[in-house]
Amino acid sequence: MKKFEVQNIKDTRSGFGAGLSELGKTNPNVVALCADLTGSLKMDAFQKEHPERFYQVGIAEANMIGLAAGLAIGGKIPFTGTFANFSTGRVYDQIRQSVAYSNKNVKICASHAGVTLGEDGATHQILEDIGLMKMLPNMTVINPCDYNQTKAATIAIADYENPVYLRFGRPAVPNFTSATDKFEIGKALMLNEGTDVTIFATGHLVWQAIEAGHILAEKGISVELINIHTIKPLDAQAILNSVRKTRAVVTAEEHQMNGGLGDSICQLLARELPTPLEMVAVNDSFGQSGTPDELMKEYGLDAAHIVAAVERVIKRK
Amino acid sequence: MTDIRTLEQTASQVRRDILRMVHGAKSGHPGGSLGCADFLTALYFNVLNHDPKFNMNGKNEDVFFLSNGHISPLFYSVLARSGYFPVEELKTFRKLHSRLQGHPATAEHLPGVRIASGSLGQGVSVAAGTALAKKLEGDKNLVYVLMGDGELQEGQNWEAFMFAAHHKVDNLIVTVDYNGQQIDGSTMEVLGLGGDIKDKLMAFGWEILHMDGHNMQNIIETMAKAKNAAGNGKPIFIIMKTEMGYPIDFMVGSHKWHGIAPSDSDLENALAQLPTTLADY
């Protein structure tokens, strides 16, 4: 298993903030809207540098989505920012009609996804957002793995004329991808080639999968690890190429099993290449208060659970 | 600029289109469409600075959004009659593969439609967004919205009202079709506003105007006042009194005609009350 150098431990939301700030300098059409969470979303740099292109909308997310659609009609590239819960479930119909169906160039940027927002508890810990967003025609769904990749993804989506859901989180996680990597929307990233099993991971669970890969290597299991940062459109070719070789799959994500990355890969494999598969994801339950590490363990999302899932799936080959 | 008499004649033809479209589709929403026909005719044939060649971004022209998308027959007729697409296409309303969907949509690329509407309460937000884009561009043209009064029950509108006043979106002119009717009955019975709409919007910081939606002269004068009021730091709200189904004698004022199609004999009876002025499609 390849070694990945951790440059630092950083929150992915700060990658979003840095990317947005850079876009502010390079793309005059980029505008930003925030629903009273400017600090939490790390949008304060953009707000300070470009006050004329930043809109504080207050705690009114439905209006924020409509405003963004209208700004997009007028030729702007709006980035909306709030927690993932309020970015999706709260405003589903607004996104469906005014953004997705109307095919407006709006970037819905969502922090604090999943249980790892921690102590605030289940009211804020959405685990259904990927599913909600990927079901919408026209919507692209991106869930980067670390600070550098989130920054790169933020910059990349500005030049991609399409509705986008960009998902990131609150906790500090290992930052291990290169700051100079270009972000290619829709392209799966091979992190490690192996022969016994493929782990498809998304978001910060990519790091958990790397740690699992090292543990499994010591046990003599050769892991192929692929980072699926774009859940829709799914890189079907890369997935099938890998699974043809390994013939066993584990998916890993901080999301419900229903509707997440694993669900997308199950659909693909059931149609094209039926293969034993295990899912590391939340099994039809809400979260609760706790520290991010405690919750990762409690809901079966950490490296140990990925190792166990690999051992289960290999027995089914 | 079109004179009052010609506008009235055009509105009569638009109303014939509405009834024939809804009859042809055997479904649709004639009541509100008929009620707002004078206003939307005036808007497209007199008030708006607009280009029927249609640019989605609406730069350097006025932009109109229909929030109460169910009155699509009216919107489509006015767009066709003002040159956005062929009038003959009106006969495809609500049919399979038509660009004239039951509620306005952009997926089929119908010229004149910039956003889907139908799920209520979203138009003011979208319009405010486009108004912000115009401000960023230094474009002095205005953004107009038509919405229903029943639609005021949707909470998102009040978010948008608060936002537009707070952020001084003063290039935005919202007209509410104040006909007092919605699907289940009168707006007062279904869910009253608990006070005067004028007082509420004034309290939110909007400039308020009143308009008689069935008096073409008054519509033109009021819209001129609204244009003059733009740019003064406040968004503008026009309370337009109309009657659902106007002026068809057996439809007028009743919520019954919100969302049903006229029968063959209903259509004949209704068309007899509306002179043909531009030839039927």
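The radius of gyration used here is taken over C-alpha atoms, and the globule rule is 2.2 Å times the number of residues to the power 0.38. Keep that at hand for the first exercise, and bear in mind throughout that this is a predicted model.

**Exercise 1. Work out what the radius of gyration says about chain B, and describe its overall build.**

*Solution.* Start with the rule: for 281 residues, a compact globule would have a radius of gyration near 19 Å. Next, take the value for chain B, which is 17 Å and therefore agrees with that expectation. Now add the extents: along its principal axes, the C-alpha trace of chain B covers about 50 × 45 × 35 Å. Then turn to the interior, counting a residue as buried if 20 or more other C-beta atoms lie within 10 Å of its own. By that cut-off, 53% of the 281 residues in chain B are buried. Contacts come next: of those in chain B between residues at least 6 apart in sequence, 75% link residues at least 24 apart. Finally, the secondary structure of chain B consists of 10 helices and seven strands.

**Exercise 2. Find the domains of chain A and describe how domain 1 meets domain 2.**

*Solution.* First, the bounds: the domain assignment for chain A places domain 1 at 10–174 and domain 2 at 189–315. The centres of these two domains of chain A, taken over C-alpha atoms, are 25 Å apart. Where they touch, domain 1 of chain A contributes 30 residues and domain 2 of chain A contributes 30 residues. Look now at the domain 1 side: helix 6 (129–134), strand 6 (140–142), helix 7 (147–158) and strand 8 (172–175) of chain A each provide at least two of its residues. Sorted by class, that side of domain 1 of chain A holds 14 nonpolar, 11 polar and five charged residues.

**Exercise 3. Trace the seven-stranded open sheet of chain A, then place helix 3 on the sheet.**

*Solution.* Begin with the strand order, which in chain A runs 3-2-4-5-7-6-12 with mixed pairing. At the edges are strand 3 (54–56) and strand 12 (230–232) of chain A, each pairing on one side only. On average, neighbouring strands of this sheet are turned by 20° against each other, direction ignored. For one pair in detail, strand 2 (residues 30–34) and strand 4 (residues 77–83) of chain A run parallel, joined over five bridges. Within strand 4 of chain A, Phe79(A) is the bridge partner of Ala32(A). To finish, helix 3 (residues 61–73) of chain A packs on the sheet and touches strand 2, strand 3 and strand 4 of chain A. The direction of helix 3 makes about 165° with that of strand 4 of chain A.

Definitions and conventions: Residues are numbered from 1 along each chain as its sequence is written. Chains are lettered from A and ligands numbered from 1 in the order in which they are written. This is a predicted model: local features need pLDDT of at least 70, side-chain atom pairs count only at pLDDT 80 or more; totals for chains, interfaces and linings use all residues. Helices (H or I, at least four residues) and strands (E, at least two) are DSSP runs, numbered from the N terminus. A residue is buried if 20 or more other C-beta atoms lie within 10 Å of its own, exposed if 12 or fewer, and partly exposed in between; C-beta atoms are placed from the backbone. Two residues are in contact if their C-beta atoms, placed from the backbone, lie within 7 Å. Domain bounds come from an automatic or database domain assignment. Ala, Val, Leu, Ile, Met, Phe, Trp, Tyr, Cys and Pro count as nonpolar, Asp, Glu, Lys and Arg as charged, and the others, Gly among them, as polar. Two strands pair if DSSP finds at least two bridges between them. Axes are lines fitted to C-alpha atoms, for helices over the stretch in contact, and angles run from 0 to 180 degrees between N-to-C directions.
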